[in-house]
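Student: I would like to learn how to read the features of a structure one at a time, with the general idea before the particular case. Could we go through it together?

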Amino acid sequence: MLLSGPDYILLRQDGPTRFSMESRNSVLHRGLNELRPHRFSMPKLVASVARQLAYRSAEPVTGVSVLMPLSNQVDAEEMTSALIGLPNVDIFPALIPNLFQQLGQVKGRRLVVVVGDGDLPPAAPFLHLSHSLALQSPQLEQRFCQELAATFGKAHGELVPIGFERSRLIVEERPGKAVPLHVAEPTLRALAKSWQALAQRHSGEVPPQPLSAPSGWGIGGALLVEDQGQSKPKTPLRAAESFASLSVRMANNEVQLDTGRILRELAAAWLAETADFDVSTLRRLIISVPWMAAAATIGSGFAMKGSPFPALCYPDFLHGWQPLLTAFELLSPCDGPALLLHLGRYPEVHMAAKWT
């Protein structure tokens, strides 16, 4: 088992475990928090997604896990009531460790549904580095915005990970008035315009505040099936994949220039022990960090001369900050292993890996 070191304290290490994801039976719909419906029933929205996935399933589901912000006990009771008829419903607070626990303990055929907003975490751990980089390298954020604008230019209106779909969801804003959930396209237009404007600002111009991901909102769901070693599954499953997660508390309370390098070394030791592969073979690195300069610095810390650089993904800057839905990116298929880094609650750092 991985041990604590001078730069971090080990908090939790789970896995590996194996599960499959039922093909064409997953939903992801997200966007800016400010564009979501003003009035709607969250229990009804979750029930719509959960029942849609359950009824399309090749076989009966055996359980449902819902991760959502819980403001009071009434929310949980209303959610349970809305999901009557579905088996073994469990409701958890919308926290990354809770999601990792559900992904790492898949039993039977379990639906995992995530819903809610993603309020930006405290800025203190990120701002000192972001301010320093803005003064020393004002082009850093500008280049990042240029890359984001290029991504929007290639999207052609869709930025949903492969393996997920944008189903038509209906939201009842008030009794008798039901409307389609419509946040993804307006988000695409708004953020494309915003990042493009920042990408074209005068070279060397320093913005008054470090750039951050806007607050996001959305809902996602997937049907996961426990791997029981069947060589020829009877249902339309993707190939079984392995999943493991790790949580540490960093020794420094602020993100620093060498934080990316430290996390790379930590990931390398963990992946070698847990999955028996080298970190240089990663094909996708999903970074969930709310401030742009800090996110870019963490990504660059994984670059090493002579090794393939993984494809970097920053979904929170493309859709709005909602790290639990960003974690769903890890479930989308890719050629080779993938790693997720979540620093939203720094100095706590959560990482998860998926490989075949």
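**Cysteines, helices and unusual backbone**

Tutor: A search of the whole structure, which is a predicted model, finds zero disulfides.

Student: How far from Cys313 is the nearest cysteine sulfur, and to which residue does that sulfur belong?

Tutor: The general idea is that a disulfide requires two cysteine sulfur atoms within 2.5 Å. For Cys313, which is in no disulfide, the nearest cysteine sulfur is that of Cys334, 8.7 Å away. Seen from the other side, the closest cysteine sulfur to that of Cys334 is in Cys313, and the 8.7 Å between them is too far for a bond.

Student: Is Cys334 buried, partly exposed or exposed?

Tutor: Cys334 has 26% relative accessibility, and therefore counts as partly exposed.

Student: Let us turn to helix packing. At what angle do helix α4 and helix α8 pack, and how far apart are their axes?

Tutor: To read a helix pair, one takes the angle and the distance together. Helix α4, residues 124-136, packs against helix α8, residues 292-300, at an angle of about 85 degrees, and the axes are 8 Å apart. Since angles of 65 to 115 degrees count as roughly perpendicular, α4 and α8 are therefore roughly perpendicular to each other.

Student: Which residues make the contact between α4 and α8?

Tutor: From α4 the contact takes Phe126, Leu129, Ser130 and Leu133, while α8 supplies Ala293, Ala294 and Thr297. Sorted by character, the residues of this contact of α4 with α8 are five nonpolar and two polar, with no charged residue. The general idea behind such spacing is that an α-helix has 3.6 residues a turn, so residues three or four places apart point the same way.

Student: How many of the nine residues of α8 are buried?

Tutor: Eight of the nine residues of α8 are buried, and the helix is thus mostly covered. The buried residues in α8 are Met292, Ala293, Ala294, Ala295, Ala296, Thr297, Ile298 and Gly299.

Student: And in α4, is Ala124 buried or exposed?

Tutor: Ala124, whose place is in helix α4, has a relative accessible area of 55% and is therefore exposed. Sequence separation and spatial separation should be read side by side, and for Ala124 and Gln322, which are 198 residues apart along the chain, the C-alpha atoms are separated by 19 Å.

Student: What span should the 16 residues of helix α6 have, and what is the distance between its end C-alpha atoms?

Tutor: The general idea is to allow 1.5 Å a residue, by which the 16 residues of helix α6, residues 184-199, should span 22 Å; the end C-alpha atoms are 22 Å apart, which agrees. Among the buried residues in α6 are Pro186, Thr187, Leu191 and Trp195.

Student: Which residues is Thr187 in contact with, once its neighbours within four places in sequence are left aside?

Tutor: Thr187, which lies in helix α6, is in contact with Gly31, Leu32, Leu35, Ala192, Leu318 and His319 when those neighbours are left aside. With a relative accessible area of 1%, Thr187 is buried. Glu59, by comparison, is 128 residues from Thr187 in sequence and 35 Å from it in space, C-alpha to C-alpha.

Student: Which peptide bond leading into Pro16 or Pro347 is cis, and where do these prolines lie?

Tutor: For a peptide bond, the angle to read is omega. The bond from Gly15 to Pro16 is cis, with omega near 10 degrees, and Pro16 has its place in strand β1, residues 8-32. The bond from Tyr346 to Pro347 is also cis, with omega near 15 degrees, and Pro347 is found in the loop between β11 and β12.

Student: What is the phi of Asn88, and what is that of Asp276?

Tutor: Here the residue type should be read along with the angle. Asn88 is not a glycine, yet has a positive phi of about 45 degrees; this residue lies in the loop between α2 and β3 and, at 53% relative accessibility, counts as exposed. Asp276, likewise not a glycine, has a positive phi of about 60 degrees. Asp276 lies in the loop between α7 and β9, and counts as exposed at 68% relative accessibility.

Terms used
Residues are numbered from 1 along each chain as its sequence is written. This is a predicted model: local features need pLDDT of at least 70, side-chain atom pairs count only at pLDDT 80 or more; totals for chains, interfaces and linings use all residues. Side-chain values use heavy atoms; hydrogens and water are left out. Axes are lines fitted to C-alpha atoms, for helices over the stretch in contact, and angles run from 0 to 180 degrees between N-to-C directions. Helices (H or I, at least four residues) and strands (E, at least two) are DSSP runs, numbered from the N terminus. Angles under 35 degrees count as roughly parallel, over 145 as roughly antiparallel, 65 to 115 as roughly perpendicular and the rest as oblique. Contact means heavy atoms within 4.5 Å. Ala, Val, Leu, Ile, Met, Phe, Trp, Tyr, Cys and Pro count as nonpolar, Asp, Glu, Lys and Arg as charged, and the others, Gly among them, as polar. Buried means under 20% relative accessible area, exposed over 50%, partly exposed in between (1.4 Å probe, protein chains only). The expected span of a helix is 1.5 Å times one less than its number of residues.
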